[in-house]
Amino acid sequence: MPRPILATVHSDALRHNLQRARDCAPDARVWAVVKANAYGHGIERCFEALRSADGFALLDLDEAERIRALDWRGPVLLLEGVFEPRDLELCSRLHVWHTVHCTEQIDWLAAHKTQVPHRVFLKLNSGMNRLGFKPGAFRAAWARLNALPQVDEISLMTHFSDADGQRGISHQLSVFEAATADLPGERTLCNSAAILRHAAVPLHSRAGEAATEVLASDWVRSGIATYGSAPDHPGRTAADWALQPAMTLSSRLIGVQDLEAGDTVGYGSAFTADRPMRVGVVACGYADGYPRHAPNGTPVLVNGVRTRVVGRVSMDMITVDLSPLDEAGHAIGVGAEVVLWGRSASGAVLPVDEVAHAAGTISYELLCAVAQRVPFAAGEG
């Protein structure tokens, strides 16, 4: 038999979460963001559930080829654009739209020989200071692109650094509005946090006058929310946003140990029992993608009952406190279900956000880090 660890991708949750993005931004078209192999869930495993999206946004041409191989004929967007001049030929062949964020990418387009003009998304650095043209250079970049026969339509985009926090988006939104005033083209501004928290914020018209437009138009980019994680955790939870977990990482107990007060558990004796207790040994470790730095107390479900990790995470195993189950009279032994995050068979849910928070990281990292040796399965419920 294989090890009992399993990652299950829930198609029903993916469909539900994508619809939540539509509900929050009803006048916008929705990019399903599937970069990083659909945030670790697998592009091919998620595709049918996300097929109702208006387009797929991703990172590189390999992912674009995979989406096209699934017979997707709608829009595909490279979020960071091309990485070298020859990528433009494949963009033409795959009919891929791509971001332009630097002068070099414009140079490559100007030298590119193509019969089919490109749809590009010109990115403004509105304050995040990663990719994009600074406001003072943005209009010149737009004018240069607009003059190229290699370029068809130009859309406008930016990315918010603080949509998930107290600072919010107003400081960047004002920069975007000033830099893009009177420029034609569709806009895409909202990531998951902005979709959930700011999609109803009024957006001034392109002429600078009050308008009925909302921040969400014309495209929104639904990333981590699609996979059931709250982008602003711990301030808000996935349940607060009516999101459902799209991945369950589960395993089983493969051993049980009885401890006396003073006994220690695992490498470095990182946990010491303060009373007689039982611990369960779980077939899951950092080689499976579970965070090695998860401390004592990190939540876990055993047969649907919430308990905690005790002792240091090792390569192939973790140990968990069985006291809550023993106290409730549950006869738990080898073979009992363990949910590291996601849905248990009993219906109990352990949000990946809680596990990540306990481990001092974010859900994105845990979901993307599930190891290749972990088998995946599809699930509806």
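**Note on strand E13 and its surroundings**

1. In this predicted model, Gly280 stands opposite Val320 in E16. Strand E16 covers residues 318-321 and pairs with E13 in the antiparallel sense, with four bridges between the two strands.

2. Gly280 has a further partner: within E13, this residue is the bridge partner of Val256. The pairing concerned is that of E13 with strand E10 (residues 247-259), which is likewise described as antiparallel and extends over six bridges.

3. How many residues of E13 are buried? Strand E13, residues 277-282, is mostly covered, and six of its six residues are buried. Met277, Val279 and Val281 point one way from the strand, while Arg278, Gly280 and Val282 point the other way. Such a pattern has a general basis: side chains in a regular strand alternate between the two faces of the sheet. Arg278 is thus listed among the buried residues, together with the others named here.

4. As to the setting of this strand, the protein contains 12 helices and 19 strands. Its C-alpha trace spans about 75 × 40 × 35 Å along the principal axes. Of the 381 residues, 55% are buried.

5. Contacts between residues at least 6 apart in sequence were also examined, and 66% of them join residues at least 24 apart.

6. Regarding the surface, the protein exposes about 16100 Å², of which carbon and sulfur atoms supply 51%. The protein carries 35 positive and 43 negative charges, and the mean positions of these two sets are 2 Å apart.

Conventions:
Residues are numbered from 1 along each chain as its sequence is written. This is a predicted model: local features need pLDDT of at least 70, side-chain atom pairs count only at pLDDT 80 or more; totals for chains, interfaces and linings use all residues. Side-chain values use heavy atoms; hydrogens and water are left out. Buried means under 20% relative accessible area, exposed over 50%, partly exposed in between (1.4 Å probe, protein chains only). Contact means heavy atoms within 4.5 Å. Accessible areas come from the Shrake-Rupley method with a 1.4 Å probe; for residues, only the protein chains shown count as cover. Lys and Arg count as positive and Asp and Glu as negative; His and the chain ends are not counted. The place of a charge is taken as NZ of Lys, CZ of Arg, CG of Asp or CD of Glu. Two strands pair if DSSP finds at least two bridges between them.
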